[in-house]
Amino acid sequence: MSSRPVIAPDSRVAVSSNAIWSTVPGGAVVLDPVSGHYFGLEGVAARAWEFMAESTTLDALVDSITREFEVDPATCEQDLRSLLEDFVGRGWVVCEDATA
């Protein structure tokens, strides 16, 4: 059984070079190469994806999202960490400082 990555506040997160994705009006779509299914990203997830396309840290991502959306920093960090762990697990996002 594999453990989930631990993403620290200063971990660099970026969209994987292997990710197949595109922006669309109102969000982004990602093709999961393993399943062959497309996944739609909207709202906060789509905006976070845009920031990760340029590489960022979790701290910077939380700061940017809390400025654009009505969410407190603690909730934002918790939700983004969960989202990032899922994306890293799917191979869509890479995290330089993640430890298993």
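**Notebook: contacts, fold and cysteines**

Entry 1, Val-44. I began with the contacts of Val-44: leaving out residues up to four places away in sequence, Val-44 touches Ile-65, Phe-69 and Leu-80. I note at the outset that the model is predicted. I placed Val-44 in helix H1. I then looked up whether Val-44 is buried or exposed, and its relative accessibility of 32% puts it in the partly exposed class. I also looked up the distance from Val-44 to Pro-9: the two are 35 residues apart in sequence, and their C-alpha atoms are 18 Å apart in space.

Entry 2, Phe-51. I stayed with helix H1, since Phe-51 lies in helix H1 as well. Which residues does Phe-51 contact, leaving aside its neighbours within four places in sequence? I found Thr-56, Leu-61, Ser-64, Ile-65 and Glu-68. Ile-65 therefore appears in the list for Phe-51 and in the list for Val-44, under the contact criterion of heavy atoms within 4.5 Å. For the pair Phe-51 and Leu-61, 10 residues apart along the chain, I recorded a C-alpha separation of 7.1 Å.

Entry 3, Ser-55. I moved on to the loop between helix H1 (43-52) and strand E5 (56-57), where Ser-55 lies. Its phi is near 75°, and I marked this as a positive value in a residue other than glycine. I recorded a relative accessible area of 27% for Ser-55, which is partly exposed.

Entry 4, Glu-96. I next looked up the segment after strand E6 (93-95), which holds Glu-96. Glu-96 is exposed, and I noted its relative accessible area of 62%. How far apart in space are the C-alpha atoms of Glu-96 and Ser-11? I found 6.2 Å, for two residues that are 85 residues apart in sequence.

Entry 5, cysteines. I searched the whole structure for disulfides and the count was 0. I then asked why Cys-76 has no such bond. The sulfur of Cys-76 has its closest cysteine sulfur in Cys-95, at 16 Å, which is too far for a bond. The cut-off I applied for a disulfide is a pair of cysteine sulfur atoms within 2.5 Å. Taken from the side of Cys-95, the closest cysteine sulfur is that of Cys-76, again 16 Å away and too far. I checked the accessibility of both residues: Cys-76 is buried at 3%, and Cys-95 is buried at 15%.

Entry 6, the chain as a whole. I counted 3 helices and 6 strands. Read from the N terminus, the order of elements is β-β-β-β-α-β-α-α-β. I compared the radius of gyration with the value for a compact globule: for 100 residues the expectation is near 13 Å, and the chain, at 13 Å, agrees. Along the principal axes, the C-alpha atoms fill a box of roughly 35 × 35 × 20 Å. Of the contacts with a separation of 6 or more, I noted that 59% join residues 24 or more positions apart.

Entry 7, surface and charge. I recorded that 34% of the 100 residues are buried. The accessible surface is about 5900 Å², and carbon and sulfur atoms account for 52% of this area. How many positive and negative side chains does the chain have? I found 6 positive and 16 negative, with the centres of the two sets 2 Å apart.

Key: Residues numbered from 1 in each chain as written. Predicted model: local features only at pLDDT ≥ 70, side-chain atom pairs only at ≥ 80, totals over all residues. Heavy atoms only, no water. Rg over C-alpha atoms; globule rule 2.2 N^0.38 Å. Buried < 20%, exposed > 50% of the residue type's maximum accessible area, 1.4 Å probe, protein only. Areas by Shrake-Rupley, 256 points an atom, 1.4 Å probe, with all protein chains shown as cover. Lys, Arg positive; Asp, Glu negative; His and termini not counted. Charge placed at Lys NZ, Arg CZ, Asp CG, Glu CD.
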